[in-house]
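Trainee: Could you take me through how to read a model like this one, beginning with the overall fold and ending with single residues?

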Amino acid sequence: MKENQQFQENENELNENQHIEETAEQENSAAGAGSDASSAEEENVETVNAAQLQSEVQRLQGLADEYQQRALRTQADFDNFRKRTQKEKEDFAKYASSKLITELLPIIDNFDRAISAAGDNAEIESFAKGVSMIFRQLEGVLKAEGLEAMDTVGQPFNPEFHQAIMQVESDEYEEGTVVEEVQKGYMLKDRVLRPAMVKVSM
């Protein structure tokens, strides 16, 4: 009886030890699974963070490129503005006298007509010479400012320089040629100040 009791106690102890070992194994297994899950979660977080950082870097690089392009365009616009302003300033200085000279042109026309009308009339020859001297002096001043009379007769008609008021038949000139100048045209440096009024052959 005593032996049976001892045997029963030993068996109970073995069962208890086995139960303890199984519980420990389960706990270890659960702990290992938890550790694996934690590692996987950390890897996922790191992957997400890396992707977000890459996306942010790309966004910032795009902004940097855009701002650089804007800066280059602004610089180019400023350079164009500076060049345009400089050219306008130079043109203003170059043609500053154009308004005054334009107003003087009718006076030059009248001087020219007066000298032509005097002709060889002996009675007014000395007067005509005086007027001619004044006219040449005025012409010299205006020429120094860049005023030049156009050479039109015998030249092909050009609407940029000539204003046709009449077409006439001509045996001397080909069609579309200036045959007569009714009013002189003038250039101020490289700009047409007044087109010449002309008759053109047909």
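Mentor: A sensible start is the inventory of elements, and in this predicted model the protein has three helices and six strands. Read from the N terminus, these elements follow the order α-α-α-β-β-β-β-β-β.

Trainee: How many residues does the protein have, and what share of them counts as buried?

Mentor: The protein has 202 residues, of which 16% count as buried. Its exposed area is about 15700 Å², with 52% of that supplied by carbon and sulfur atoms.

Trainee: What part of the contacts with a separation of 6 or more comes from residues 24 or more positions apart?

Mentor: Such pairs account for 63% of those contacts in the protein. For a single case, take Val192, which sits in strand 5, spanning residues 191-194: its C-alpha lies 9.7 Å from that of Glu148, although 44 residues separate the two in sequence. Beyond its neighbours within four places in sequence, Val192 touches Met150, Glu160, Phe161, Tyr186 and Met187.

Trainee: Why is Val192 classed as partly exposed?

Mentor: The class follows from relative accessible area, and partly exposed covers the range between under 20% and over 50%. Val192 has 29%, so it is partly exposed.

Trainee: Which residues make the nonpolar surface patch?

Mentor: Ile165, Met166 and Val182 make this patch, which covers about 240 Å². Val182 belongs to strand 3, residues 178-183, and is partly exposed, its relative accessible area being 41%. A patch residue must have over 30% relative accessible area, and Val182, at 41%, therefore passes that cut-off.

Key
Residues numbered from 1 in each chain as written. Predicted model: local features only at pLDDT ≥ 70, side-chain atom pairs only at ≥ 80, totals over all residues. Heavy atoms only, no water. Patch = residues over 30% accessible without salt bridge, like charges linked within 9 Å, V, L, I, M, F, W, Y side chains within 5 Å. Areas by Shrake-Rupley, 256 points an atom, 1.4 Å probe, with all protein chains shown as cover. Salt bridge = Lys/Arg side-chain N within 4 Å of Asp/Glu carboxyl O. Helix = DSSP H or I, 4+ residues; strand = E, 2+ residues; numbered from the N terminus. Buried < 20%, exposed > 50% of the residue type's maximum accessible area, 1.4 Å probe, protein only. Contact = heavy atoms within 4.5 Å.
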